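Q: I have a new model open and no idea where to start. Could you take me through it, feature by feature?

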Amino acid sequence: MTVIQQQIACSPYLTRLAEQVQGRVDTSPDSLLGQLEKLISGLVVDHFSDLDATEQRLVDINQEFSYLWCLTELQGVGSQHQRGGLQTRFAEVSIQFALGLAWQRLANKQKLLGPILESNAYSVPGLFIFGMGKLGGNDLNFSSDVDLVAYFDPEVLPIPDVIGKSYVCHQALQEFTRILSRGGASDFIWRVDWRLRPNASATSLAMSTAAAEDYYYYHASPWHRLALMKARVIAGDMSLGQAFISTLGSFIWRQNLDFRALDELAEIKQRINLEHPGLRAQRTWSEPIGDDIEGFNVKLGSGGIREIEFFVNAQQLLLGGRHHSLRVPNTLLALDQLCELGRLNREDLKKLKGAYVFLRKLENAVQIHSNQQTHLLPVSDTNKSDVLTLLAIEDWSRLVEQLNVYRGFVNQLFSTLFAEQERTQLGPLVWPDGLSLSADEVVEGWENGFQNYGVSNSVRHKLKPLAYALAEYLDEGADHSGPDVSEVIIRLHDYFKSLPQGEQYFRLLAESPGLLHSLVPPLLYSPPMTVLLNQSPHIIDCYVHGEWRYPDAFDSQYIRQAEDYGERLERLRRFVNEHLYQLYQQFLRGQLDVVVFQAALSDLAEHTLELALEVVATGMNLEEVPITVIGMGKIALKRMSPMSDLDLIFIYDPEHTTLDLASRFVSRLQTAIASPMREGILYELDTRLRPSGRSGAPTVSVDSFANHHSTRAHTWEHIALMPSQIVAGRRQIETKFREIKHELIVRNRDVDQFKKDARKMWERVIEHRVGDAPLTMMNSKLRVGGLMQAEYLVACLVIDYGAKFTTKSTQLDDLLNECLPHYGLEELPEIIQFWRVQQLWERLLGKTDQALSSLRDSYFARLLEHSSCTSMDELLAKKKRYADYVVEGMTQFFAQSLDLTDEELEDWQETSVTWQ
């Protein structure tokens, strides 16, 4: 006998099946996959004239498919993934076929259904069926149940109210179930299991979509979420079903890391261990892995299939809200995605996939033996011998060896992921001495399980590591040149109160106490970072599995994957807050130097603008963005600092779009960027630099932009335009924009008018904004000789140099390199960068208009380093020299107009630029 003949002979089920299909199939290995594909494509829902004959045809096709599939499994034809996919596809078409047959049987009893079926190609819109479990995961094994859930939309279902929509659906599904299960006869198609539906013990087989949505969001148990993670629409009204599963997305996939999912899965696993009749009598959490494998439950036992699935499911539940690639119902594909995300190394991936394939092969062999839905390895010598034959393994000891290698590896990974925190720890908690009364009350609450923050009694013991980590952190307290320990405790308490009620984030901190080093310093020393944490407490999620590091690519794909416009805007804010926080943190830690930090903030702003443009375009059903965004000031120069706003001008090309569309688009874009939502705004917007300022149209054509600056613009508009470039949107007019800007730079203008205009504007700035702050104060921008004055001066110098430029570049840095030697002011770029360094630190630490001496020692040392200074005295001397340099440079530049009296300057009328 050949090997395959021996395998068929040792299986009573295959022996009987071979007799039933004899002469109807070709058993040569090369033809098996093709025949399976042909059987799948042959099951088509149609008008069945003879319903009994049609049902028997389904039975016959199922026998042929089952026999051929078993041959592919036993001979290893194709991959395990491929074979599971074929089994799943056959289940889908046979389920769809049985549903059509059930409707037609029901139509013979309910005459009103006949015309409905005929007008809808013998299907009924409005009712659909989800495949769950391995059916949803495209991974059915040989004797799987098909886990199904059915829903109907009463607004779509064309069943007359007079006969009852729910009642008719229930009847149809009862008949459908009878067809597939054949009343438990040996020639059944599938065992059908409806127990995963909402409130299964008290509801009919089909629930309305509205009732189901209400149940899932407000009454569901943790296992419902786990079940829906594998749900797919497999029969009935496919488009309606797909739309419904999309509405459940926010129930299934949480945006934030959800460590409660680990608890929930662990509890499900424990209940299985305690309640399932097929498991060992001792009901221990972890049964020993040894040579005695008789009766081992391949699916539910320690190191079995369910532990692999739970290992995958747990991380899908944790991370699937953020990483759309993890939203795959198939276990092997999900393992690949975990590896791609760095959650599983290549070696462990290979071992886990090998274990899964081996265990599934073992499971199939056990079930093929007698076509029984069992997962238990045999006990009798005869059955053990039969299973070895089906597996083509020579002896039982070899099976034990292979199985236990896989079991040990799987169980270790599973146990590590679901490890319980120790309930007790050695040694008393020791808090710093001298705490205030209010701080002492706070730490007492921490010792008692953080009960002041809505933590449940059942998990307080798991938060002990967080209490110890806090005590250790506060004791080391490192540099307390800032707030004292009691104030640190109060600020932490205020932050903890801002978190959503419950244990979620406290569990996160307890699991990863190192997060305190990413959390506490910003709360103490950086008001902008504290604001970000208050707006987006989930930011600490970013540090759990390794923070993003610039210049790595921005993680923004999850924004595009949001289901609706409002959710995309929320995620866009989340994206900005998370990346800003991480960039600020990297700068404070010394991981980014100043220039890289400025470039990173600018790149983030540009990327965010592009995302916002894309979101708005999608929301308006536009195939492409109709406008171009001109950035002014720091974003154009890639020198943004913390809390910088965006100075923008919006233009469009009339050959590409209309004024009406461009204006509507810009209006919606401004709302998308600057309207407050749950997590704040994206950026403050300033569009006052557009043609005609506040009174101008929100967007202008590129030709109107050119005409305005050539004929109507005032000097201040040209000064503002010097640091500008296109930063987002349509790039097709970039060349034209550079030509317009270059022409404005090199064109001869009335120099006397220009300098008087520029001086009068600066005098207004001094009067209303600039002050003579002491050098010991951290006001870098609005001081005499400070950043604003230096930036104003260089823009004036570029315009004044004008026609003498030989460079064709319109980048401000290139223009300054050519023109500054002419004025003897080559130090200006260095001075401007010096003031920007001061601004970075004062903004990030909230120290504008505060004394330099108020800085934390470590931060002040970094400021000195970035300023190329070694002491406070050297820093103050450099500030004075640079401020004097800027003032002297501006005095020389305006020398020709300084002889104007205050009255003459006041009377000077600024008009449109006069060209010569």
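The dialogue below goes from the whole chain to single residues.

Q: What kind of model is this, and how many helices and strands are there in the protein?
A: This is a predicted model. There are 39 helices and 10 strands in the protein. Along the principal axes, the C-alpha atoms fill a box of roughly 115 × 70 × 55 Å.

Q: What percentage of the residues is buried?
A: A residue counts as buried when its relative accessible area is under 20%. Buried residues make up 57% of the 916 residues in the protein.

Q: How do I check the length of a helix, say H14?
A: Compare its end-to-end distance with the expected one. The 15 residues of H14 should span 21 Å at 1.5 Å a residue, and the end C-alpha atoms are 21 Å apart, which agrees. Try helix H8, residues 165-181, next. H8 has 17 residues and reaches 24 Å from its first C-alpha to its last, close to the 24 Å expected.

Q: Which residues of H8 are buried?
A: The list includes Val168, Cys169, Leu173, Phe176 and Leu180. Lys165 and Glu175 are among the buried residues too. Just after H8, Arg182 takes a positive phi of about 55°.

Q: How many residues of H14 are buried?
A: Count them along the helix. In H14, 15 of the 15 residues are buried, so this helix is largely enclosed by the rest of the structure. Take Glu307, which lies in H14, residues 305-319. Its relative accessibility is 1%, and Glu307 therefore counts as buried.

Q: How far apart are Glu307 and Gln412, in sequence and in space?
A: Sequence distance and spatial distance are separate readings. Glu307 and Gln412 are 105 residues apart in sequence, with their C-alpha atoms 9.9 Å apart. Now take Asn383 and Glu830. They are 447 residues apart in sequence and 85 Å apart in space, C-alpha to C-alpha. Asn383 lies in helix H17, residues 381-391. At 31% relative accessibility, Asn383 counts as partly exposed.

Q: How many aromatic pairs are there, and how do I read one?
A: Look at the distance between ring centres, then at the angle between planes. A search of the whole structure finds 42 aromatic pairs. Take Phe128 and Tyr151: their ring centres are 5.6 Å apart and their planes lie at 35°, so the pair is tilted. Phe128 is in strand E1 (residues 127-131) and Tyr151 in strand E2 (residues 145-152), so the pair ties together parts that are 23 residues apart in sequence. Both Phe128 and Tyr151 are buried.

Q: Which rings do the pairs link into a cluster?
A: Follow the pairs from ring to ring. Trp431, Trp446, Phe450, Tyr453, Tyr495, Phe496 and Phe506 are linked into a cluster this way.

Q: Where does a charge sit over a ring?
A: Find the charged end of a side chain, then the ring beneath. The charged end of Arg407 sits over the ring of Phe296, 3.9 Å from its centre. Arg856 lies over the face of Tyr859, at 5.1 Å from the ring centre.

Q: What about empty space: how many cavities are there?
A: The count comes to 4 cavities of 30 Å³ or more. The largest cavity has a volume of about 220 Å³. It is lined by 21 residues, and the closest to its centre are Tyr13, Asn62, Ser66, Phe188 and Ile189. Helices H2 (12-21), H4 (51-75) and H5 (80-109) are the elements that give two or more residues to this lining. H4 gives the largest share, 5 residues. By class, the lining has 9 nonpolar, 9 polar and 3 charged residues.

Q: Which backbone angles deserve a look?
A: Check omega for cis peptide bonds and phi for positive values. The peptide bond from Tyr550 to Pro551 is cis, with omega near 15°. Pro551 is in the loop between helix H24 (527-535) and helix H25 (557-560). Phi is near 55° at Asn138, in the loop between helix H7 (133-136) and E2. Asn138 counts as partly exposed, at 27% relative accessibility.

Q: What is phi at Phe450, and is this residue buried or exposed?
A: Phi of Phe450 is near 60°, a positive value in a residue other than glycine. Phe450 lies in the loop between helix H19 (437-447) and helix H20 (464-476). This residue is buried, with a relative accessible area of 0%.

Key:
Residues are numbered from 1 along each chain as its sequence is written. This is a predicted model: local features need pLDDT of at least 70, side-chain atom pairs count only at pLDDT 80 or more; totals for chains, interfaces and linings use all residues. Side-chain values use heavy atoms; hydrogens and water are left out. Helices (H or I, at least four residues) and strands (E, at least two) are DSSP runs, numbered from the N terminus. The expected span of a helix is 1.5 Å times one less than its number of residues. Buried means under 20% relative accessible area, exposed over 50%, partly exposed in between (1.4 Å probe, protein chains only). Rings of Phe, Tyr and Trp (its six-membered ring) pair if their centres lie within 6.5 Å; planes under 30 degrees apart count as stacked, over 60 as edge-to-face and the rest as tilted. A charge sits over a ring if NZ of Lys or CZ of Arg is within 6 Å of the ring centre and within 35 degrees of the ring normal. On a 1 Å grid over the protein atoms alone, a cavity is a set of points where a 1.4 Å probe fits but cannot get out, and a pocket is an open set with protein on both sides within 12 Å along at least five of seven lines; lining residues have an atom within 4 Å of a point. Grid points are joined across faces, edges and corners, and a volume is the space filled by probe spheres set on the points. Ala, Val, Leu, Ile, Met, Phe, Trp, Tyr, Cys and Pro count as nonpolar, Asp, Glu, Lys and Arg as charged, and the others, Gly among them, as polar.
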